[in-house]
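Okay, thanks for making time, everybody. I'll put the sequence and the model up and then walk you through a few spots.

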Amino acid sequence: LELITTFMNLLGEKRKEVSGLKSRYEIGLEKLVTTEQSVEGMQKELIDLQPKLEQASKDTAVKLKEVQKEKSAADEVRVVVEAEEKIAQEAADKANSIKQDCERDLNAAKPILHEAMAALKVLTKKDITEIKAMMKPPQAVRDVLEAVCVLRGEVAPRVQNKQTLKMEADWWACSVSMMSRGNFLSELETFDKDNIPDENIKKLKPYLETKLDLAKIEQVSKACFGICK
């Protein structure tokens, strides 16, 4: 009887063990089936998405080409803009250099002009008449009055040189015409010396550097010396 009881106990334990193994197997099998179904579902989704993925890849390639094309166009524009900026900067530098030259010339000429304005106050109409009456004015006198014409922006008539047969500016005729105006002296005194055109300053520079010798001018004409000074 005791042996039978032991056998029944062992049999119960084995049945319980087998039942547990069976349950674990069934659960594992169920998970395998569920996993297989999930994998099949994902495979179907991937198959369904494949055409869309391929189209998206093609669209991306097209966009990349467009971007590359736009980048190339932008690079070309940038090169052109940089070249134009360089040209503009060179032009600005040149203009600034010219401006500095003009300002330097103007600053050099202004002190002389201020002295000249002071000297003009001692001139009379008689002095001007004597200058106009010169049949063969000395070169120093010609240079002074020519410089005044240039400074005032007078335009000299052009006549033919009898020796060279070339047309040349007749500055003496221009000077006489300028002095013949009744208000010539007052025009000199009220001359706007602070707003002389840059072009006139440039034209006057050679006279200031080489032609106007005060000592020589004073010897030939006191009146011209006053104008020049």
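So, look at Asp101 and Arg104: their side chains meet in a salt bridge, N to O at 2.3 Å. This is a predicted model, by the way, so keep that in mind for every number I read out. Why do those two pair up along the chain? They sit three residues apart in helix H1, so about one helical turn separates Asp101 from Arg104. Asp101 comes out as partly exposed, because its relative accessibility is 29%.

Stay on that helix and go back to Lys63. Lys63 has a salt bridge too, to Glu66, and here the closest N and O atoms are 4.0 Å apart. The spacing is again three residues within helix H1, so Lys63 and Glu66 are about one helical turn apart. How covered are the two partners? Lys63 counts as exposed, at 54% relative accessibility, while Glu66 is partly exposed, with a relative accessible area of 38%.

Right beside it in the sequence is Val62, also in helix H1. Val62 is partly exposed, with 43% relative accessibility. Now, how far is Val62 from Glu17 in space? C-alpha to C-alpha, the two are 65 Å apart, with their positions 45 residues apart in sequence.

One more thing on this helix. Leu32 lies in H1, which covers residues 2-120. Leu32 counts as exposed, because its relative accessibility is 58%. Leu32 also has company: together with Tyr25, Leu29 and Val33 it makes up a nonpolar patch on the surface, and the accessible area of the four adds up to about 410 Å².

Okay, zooming out. What does the whole chain contain? There are eight helices and two strands. Reading from the N terminus, the order is α-α-α-β-β-α-α-α-α-α. And the overall dimensions: the radius of gyration is 53 Å, well over the 17 Å that the globule rule gives for 229 residues, so the chain is more spread out than a compact globule. Along the principal axes, the C-alpha trace spans about 170 × 45 × 30 Å.

Some totals while we're here. Buried residues account for 21% of the 229. The chain exposes about 17300 Å², and carbon and sulfur atoms supply 57% of that. If you take contacts between residues at least 6 apart in sequence, 74% of them join residues at least 24 apart. And the salt bridge count comes to 10.

Now to the cores. Which residues have the most contacts inside the largest nonpolar core? Those are Ile131, Leu145, Met179 and Ile227, in a core of 21 residues. Several helices contribute: H2 (125-132), H3 (139-152), H4 (171-179), H5 (184-189) and H8 (222-228) each supply at least two residues. H3 gives the most, with six.

Let me click on Ile131. Leaving out residues up to four places away in sequence, Ile131 touches Val141, Leu145, Trp172, Met179, Ser221, Ala223, Cys224 and Ile227. There is also another core, apart from that one, with eight residues, and Ala147, Val150, Ile196 and Tyr207 are among them.

Val150 turns up again if we jump to Asn200, over in helix H6, residues 198-211. Is Asn200 buried or exposed? Buried, with a relative accessible area of 11%. Beyond residues up to four places away in sequence, Asn200 touches Val150, Leu151, Arg152 and Gly153.

And Arg152 has its own story. Arg152 forms a salt bridge with Glu154, with 3.3 Å between the closest N and O atoms. Salt bridges with shared partners then join Arg152, Glu154, Arg181 and Glu187 into one network.

Last stop, the strands. Between strand E1 (158-160) and strand E2 (167-169) there's a loop, and Leu165 lies in it. What is phi there? For Leu165 phi is near 65°, a positive value in a residue other than glycine. As background, most residues other than glycine have a negative phi. Leu165 is also exposed, because its relative accessible area is 56%.

That's my tour. Shout if you want me to go back to any of these spots.

Methods
Residues numbered from 1 in each chain as written. Predicted model: local features only at pLDDT ≥ 70, side-chain atom pairs only at ≥ 80, totals over all residues. Heavy atoms only, no water. Patch = residues over 30% accessible without salt bridge, like charges linked within 9 Å, V, L, I, M, F, W, Y side chains within 5 Å. Areas by Shrake-Rupley, 256 points an atom, 1.4 Å probe, with all protein chains shown as cover. Helix = DSSP H or I, 4+ residues; strand = E, 2+ residues; numbered from the N terminus. Buried < 20%, exposed > 50% of the residue type's maximum accessible area, 1.4 Å probe, protein only. Contact = heavy atoms within 4.5 Å. Rg over C-alpha atoms; globule rule 2.2 N^0.38 Å. Core = buried A, V, L, I, M, F, W, Y, C linked by side-chain atoms within 4.5 Å.
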